[in-house]
Amino acid sequence: MALTSEELNYLLYRYLLESGYTHTAFTFANESLVKQSGINGADVPPGALISFVQKGMLYSNIEQHVNDDGTIMDDGDDDKLASLLLPGHVQSRENEDKDDNGDGMDEDGLEVEASKITTLSGHDNEVFTVAWNPVKSLLASGSGDSSARIWHIPASESGPEAERNTQWHQLEHFNASSNEKAKDVTTLDWNSEGSLLATGSYDGHARIWNEQGKLVMTLQKHKGPVFSLKWNRTGSMLLSGSVDKTAIVWDCKTGDVIQHFQLHQAPTLDVDWRNSNSFASCSTDKTIFVCKVGEEQAVKKFSGHTDEVNAIKWDPTGTMLASCSDDYSAKIWSVKQDEPLHDLRTHTKEIYTIKWSPTGPGTKNPNKPLLLATASFDSLVKLWDIERGVDVLTLTKHTEPVYSVAFNPTGDLLASGSFDKCLHIWSVKDGCVVKTLKGASGIFEVAWNSAGDKVAACFFNKVVQVIDFDLRK
């Protein structure tokens, strides 16, 4: 059996994607042209590269214990050979099971009832991102199958009945020049009125759709995959960040470029508006820029991280900027100074994402303290008291990298999604798990609806699941 270079590149791409290195995976795919290989991702099982490597190591080790005539060497250590025949991750899993003492997932009755779960099927590849419409019961999803979908989620139904009654619009992404599919939909965002959905794609284009799924306009200027899209508060401008190292501000009425920011020296991974005309961007070049529309130079540059900056988020008042990085740290910045206000360093692996709570000054919950949630590849979620710069809760239920966290609208609950296939809903007050959804594959993103009674999660196995959540029921 032999692997072609195209097949090996695809396995490497899938390994990066499955391991949580989403930005690196897209960059590698862009440079190695794996999307042009014609390989059907649905035919490649999860963990394929690891499986190949393990088998290669296994056969190499077995050869050392086999005579030339094919008989097994008699070294008096049958257990050693047996251990070679059992992959290491299986051995460790068996040991974990032995130490588990039968600790079941639903020992406290916390698992979501099947009648409260609505499974949305239809995508042909992994689903990377989900976003609720801020006004209506609409859920958008973006997938590696070159499409996004807008699902009409029944407000009062859930489970099989809701699955039968759910309608959707399919948003196919085609290259304007070749009319071929544009590959992965990497990011999406609704405007504040819920009337328009923006999607970013692997082909470097941003697209704007109405809520009925009709394409309104295609924004073509980037030369690489678009990783992040954000509407400003008034909905007049759209901000995009791309692998081509740039950020672009678009006029959403005309589709024209208002300003093209070329400040980073490497791919732009995330962008976030501070207010209606000021924003921040971060990059694999380890820097963060704060920019203002109409000004050529950056208002501020932050250079404190020592590795790729994965995500940035302004607090509800636009006063503080949070960032997280592959250097295992999260930082809190103010445009009034060069050094971070706080350097948050208790995670032991890369921090993939961050979210501010919808609490404190400038929010609908002004009497509750402002918190920051960080999610890391160390399988931990941490909640930070920003006034003191200390972690007040460490949430430890996950066993694999955590890719997404989301607060409910009141800030009392936090949802987290991991590649351990679990969505946990936590009480922010005491860090206890309130509910758990056990899926069939890794979770890329979780999101609450505006009413706070439904949580959506998108999975590696091509589905989206919505759970009804109401503590009063």
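The following exercises, each with a worked solution, concern helix packing, strand pairing and residue environments in a predicted model.

Residues are numbered from 1 along each chain as its sequence is written. Because the model is predicted, local features need pLDDT of at least 70 and side-chain atom pairs count only at pLDDT 80 or more, while totals for chains, interfaces and linings use all residues; side-chain values use heavy atoms, with hydrogens and water left out.

**Exercise 1. Determine how helices α1 and α2 pack, and which residues form their contact.**

Step 1. Helices (H or I, at least four residues) and strands (E, at least two) are DSSP runs, numbered from the N terminus. Helix α1 covers residues 5–18 and helix α2 covers residues 22–32.

Step 2. The two helices pack at an angle of about 160°, and their axes are 7 Å apart. Axes are lines fitted to C-alpha atoms, for helices over the stretch in contact, and angles run from 0 to 180 degrees between N-to-C directions.

Step 3. Angles under 35 degrees count as roughly parallel, over 145 as roughly antiparallel, 65 to 115 as roughly perpendicular and the rest as oblique. Helices α1 and α2 are therefore roughly antiparallel to each other.

Step 4. On the α1 side, the contact (heavy atoms within 4.5 Å) involves N9, L12, Y13, L16 and L17. These meet T22, T24, A25, F26, F28, A29 and S32 in α2. By class, the contact has eight nonpolar, four polar and no charged residues.

Step 5. The buried residues of α2 (under 20% relative accessible area; exposed is over 50%, partly exposed in between; 1.4 Å probe, protein chains only) are T22, H23, A25, F26, T27 and A29. Just after α2, L33 takes a positive phi of about 60°.

**Exercise 2. Establish how strand β12 is joined to β11 and β13, and whether β12 is enclosed or open.**

Step 1. Two strands pair if DSSP finds at least two bridges between them. Strand β11 (residues 237–242) is joined to β12 by five bridges, and the two run antiparallel. The bridge partner of L238 is W250 in β12.

Step 2. The hairpin of β11 and β12 has four residues between the strands, and K245 there takes a positive phi near 80°.

Step 3. Four bridges join β12 to the antiparallel strand β13 (residues 257–261). Across this pair, I248 stands opposite H260. Here the hairpin has five residues between the strands, with G255 at a positive phi near 80°.

Step 4. Of the five residues of β12 (247–251), four are buried, so the strand is largely enclosed by the rest of the structure.

**Exercise 3. Give the strand order of the open sheet that contains β14, and identify its edge strands.**

Step 1. The order is β14-β15-β16-β17, with antiparallel pairing.

Step 2. The edge strands, β14 (268–273) and β17 (300–302), each pair on one side only. Neighbouring strands are turned by 20° against each other on average, direction ignored.

Step 3. Within the sheet, five bridges join β15 (residues 278–283) to β16 (residues 288–292). S281 stands opposite F289 in β16.

**Exercise 4. Classify L138 and E163 as buried or partly exposed, and list their contacts.**

Step 1. L138 lies in strand β3 (residues 138–143) and is buried, with a relative accessible area of 4%.

Step 2. Leaving aside neighbours within four places in sequence, L138 is in contact with A131, W132, N133, I150, W151, H152, W190 and E211. L138 and H152 are 14 residues apart in sequence and 4.9 Å apart in space, C-alpha to C-alpha.

Step 3. E163 belongs to helix α6 (residues 160–165) and, at 33% relative accessibility, counts as partly exposed. Not counting residues up to four places away in sequence, E163 touches I117, T118 and T119.

Methods: Ala, Val, Leu, Ile, Met, Phe, Trp, Tyr, Cys and Pro count as nonpolar, Asp, Glu, Lys and Arg as charged, and the others, Gly among them, as polar.
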